[in-house]
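Colleague: Could you take me through one part of this model with some care, namely the open sheet and one position within it, and then set that part beside the rest of the chain?

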Amino acid sequence: MCIIDAGYVGNGLARALRQAGIPYDQLEATGEIGGNRAHGVYDSTHLISSKKSTQYVEYPMPAGYPTFPSRAQMLRYLNDYVDHFHLREHIEFGTEAVEVRPLDRTGMAGWRVTLSTGEQREYAGVVVANGHYWERNVPSYPGTFSGRRMHSKDYKRPADFATGGRVLVVGGGNSAGDLAVEAAATFGSADMSLRSGYWFIPKTILGIPSSEWDRVWLPMPLSGSGSRRCCGCPAAATSGTGSRSPTTSCSPRTSRSTPR
Ligand SMILES: Cc1cc2nc3c(=O)[nH]c(=O)nc-3n(C[C@H](O)[C@H](O)[C@H](O)COP(=O)(O)OP(=O)(O)OC[C@H]3O[C@@H](n4cnc5c(N)ncnc54)[C@H](O)[C@@H]3O)c2cc1C
């Protein structure tokens, strides 16, 4: 087997294969463990899902960690996980896969992986867990804008917003929510531009992390109306602006405004 990734998913998979006695290669393009947490997020990133709902089941996060650990804590945890299960020595760092092709039409005969060095290897199966935060999707707008424009992937800390001024955050996902809060805390206010209504779900509801509510069984109609009450009514905030009502359902199974 071949695993492409030494982040959250790849390492969990490596542990599972190792446990099952299935031989594998694990390729990682960078020199680091942790994927997105190591080189893809801003300094102030904290988990949005809780530590309980994010940790590997067989390797809980340290008891001293807060409910929503920081980026640094997550990185330490991911590295500890790899060392605890002796996965590091088996990871090929600085090894980028540039092509994965089936050996026959169905892939049942195996797969050929080509590395950036030109080396080719064949495997019975390949797990591509290369993450989904590498390509920036930057919308184009008519007219000219003389201010600083930045994709959230390139944002690291408040100084990147430039010195003062107004900040407009385009979008309403996890990164947008975090960055609007950070800009507002830094400069006193921030605006958000949303192309439709969103349900903004608090990180905790009645003291319980939103991502843990799916462990509480409630009949659907009850859970739906309960969480709507807890989330407030975002349609009110957008009514009269011409934007659509929220299309995302607000069930306690959903801890985020957009999927991660
Ligand atoms: C701001 C923010 C907050 C988030 N908060 C949460 C949260 O609270 N809870 C949660 O569960 N998730 C959260 N996520 C999502 C989470 O980070 C990702 O779901 C997670 O990192 C996915 O892990 P992964 O191992 O699949 O991919 P990644 O972490 O993206 O790692 C992919 C790895 O593959 C390597 N790679 C890529 N291409 C190649 C190649 N061709 N050859 C070799 N190696 C390659 C990369 O170098 C990288 O190390 C958040 C994301 C962001 C941006």
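Modeller: What follows begins with the sheet, then turns to one of its residues, and ends with the nonpolar cores and the ligand shell. Please keep in mind throughout that this is a predicted model.

The open sheet is formed by three strands in the order S4-S5-S6, and their pairing is antiparallel. Strand S4 (97-102) and strand S6 (120-123) are the edge strands, each of them pairing on one side only, and from one strand to the next the twist averages 20 degrees. As a general point, strands of a sheet pair through backbone hydrogen bonds, whether parallel or antiparallel. Here, strand S5 (residues 111-115) is joined to S6 by four bridges, the two strands running antiparallel, and Arg-112 has Glu-122 as its bridge partner in S6.

The residue I would single out is Thr-114, which has its place in strand S5. Thr-114 counts as partly exposed because it has 15 C-beta neighbours inside 10 Å, whereas a buried residue would need 20 or more. Although Thr-114 and Glu-99 are 15 residues apart in sequence, their C-alpha atoms are 5.0 Å apart in space. When residues up to four places away in sequence are not counted, Thr-114 touches Val-98, Glu-99 and Gln-120.

Turning from the sheet to the nonpolar cores, the largest of these has 19 residues, of which Ile-4, Tyr-77, Leu-78 and Val-82 touch the most other members. At least two residues of this core are supplied by each of strand S1 (2-4), H1 and helix H4 (71-84), and H4 gives the most, with five residues. Apart from this core lies another, of five residues, including Val-167, Val-169, Leu-179 and Ala-183. Leu-78 also has contacts beyond its neighbours within four places in sequence, namely with Tyr-8, Asn-11, Ile-33, Gly-34 and Arg-37. In soluble globular proteins, nonpolar side chains tend to be buried together.

The last part is the surroundings of the ligand, where 29 residues are found and Gly-7, Gly-35, Asn-36, Asn-130 and Gly-131 come nearest. Helix H1 (8-19), strand S2 (25-28) and helix H5 (174-187) are the elements that give two or more residues to this shell, and H1 provides the largest share, three residues. Divided by class, the shell has twelve nonpolar, 13 polar and four charged residues. Helix H1 thus appears in both settings, as a supplier of at least two residues to the largest nonpolar core and as the source of the largest share of the ligand shell.

Notes
Residues numbered from 1 in each chain as written. Predicted model: local features only at pLDDT ≥ 70, side-chain atom pairs only at ≥ 80, totals over all residues. Near = placed C-beta within 6 Å. Nonpolar A, V, L, I, M, F, W, Y, C, P; charged D, E, K, R; others polar. Pairing = 2+ DSSP bridges. Axes fitted to C-alpha atoms, helices over the stretch in contact; angles between N-to-C directions. Core = buried A, V, L, I, M, F, W, Y, C linked by C-beta atoms within 7 Å. Buried ≥ 20, exposed ≤ 12 C-beta atoms within 10 Å, placed from the backbone. Contact = placed C-beta atoms within 7 Å.
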